[in-house]
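Got the viewer open? Keep the selection tool handy, and we'll walk through this one stop at a time.

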Amino acid sequence: MVRKIDRTGEEGFNRFGSKMVIKECRSATDIDVYFPDYDWVFKNATYISFKKGNIKCPYEPRIYNRGYIGVGK
């Protein structure tokens with residue numbers, strides 16, 4: 001039997017320097033990541049992408065350090 005590791009509350013930073021917190025950890029391939037600076041949750045991420053910092057928030061300023069992509073139209 002495999003022991004499940006609860007990684008809820010673990011903090012990290014993505015490649016843009018934004019703080020990330022694991023909000024819910026169902027398995028290593030299904031976690032929810034919370035961005036406290038933008039009050040936004042990325043759902044169904046993998047723990048590997050969290051550790052590498054590959055999770056992006058659509059509200060981070062990426063276009064000339066001012067504009068952001070956003071969600072929706």
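## Cysteines, salt bridges, core

Start with the sulfurs: searching the whole structure turns up zero disulfides. Bear in mind as you click around that this is a predicted model. Select two of the cysteines anyway. Cys 25 has 9% relative accessibility, so it counts as buried, since the cut-off is under 20%. Now move to Cys 57, which is buried too, with a relative accessible area of 0%. Keep both selected in a colour of your choice; they come back later.

Next, the charged side chains. How many salt bridges does a search of the whole structure find? Five. Let's visit some of them.

Pick Lys 19 and show its side chain together with that of Glu 11: the two form a salt bridge, and their closest N and O atoms are 3.6 Å apart. Colour by accessibility here. Lys 19 is partly exposed at 28%, while Glu 11 is exposed at 52%.

Now jump to Arg 26. Its side chain meets Glu 24 in a salt bridge, at 3.1 Å from N to O. Arg 26 also forms a salt bridge with Asp 32, where the closest N and O atoms are 2.9 Å apart. Is Asp 32 buried or exposed? At 8% relative accessibility, Asp 32 counts as buried. Its partner Arg 26 is partly exposed, with a relative accessible area of 32%, and Glu 24 is partly exposed as well, at 39%. Add Asp 30 to the selection and you have a network of salt bridges linking Glu 24, Arg 26, Asp 30 and Asp 32.

Time to go inside. Select Met 20, Ile 22, Cys 25, Ile 31, Val 33, Phe 35, Trp 40, Ala 45, Tyr 47, Phe 50, Ile 55 and Cys 57: these 12 residues make up the largest nonpolar core. Switch to cartoon to see where they sit. β2 (19-27), β3 (30-35), β4 (40-45) and α1 (47-52) each supply at least two residues of this core. In soluble globular proteins, nonpolar side chains tend to be buried together. And there are the cysteines again: Cys 25 and Cys 57 both belong to this core.

Last stop: centre on Trp 40. Which residues is Trp 40 in contact with, leaving aside its neighbours within four places in sequence? They are Val 33, Tyr 34, Phe 35, Lys 56, Cys 57, Pro 58, Tyr 59 and Val 71. Among them, Val 33, Phe 35 and Cys 57 are also listed in the core you just selected.

Note on methods: Residues numbered from 1 in each chain as written. Predicted model: local features only at pLDDT ≥ 70, side-chain atom pairs only at ≥ 80, totals over all residues. Heavy atoms only, no water. Disulfide = S-S within 2.5 Å. Buried < 20%, exposed > 50% of the residue type's maximum accessible area, 1.4 Å probe, protein only. Salt bridge = Lys/Arg side-chain N within 4 Å of Asp/Glu carboxyl O. Core = buried A, V, L, I, M, F, W, Y, C linked by side-chain atoms within 4.5 Å. Helix = DSSP H or I, 4+ residues; strand = E, 2+ residues; numbered from the N terminus. Contact = heavy atoms within 4.5 Å.
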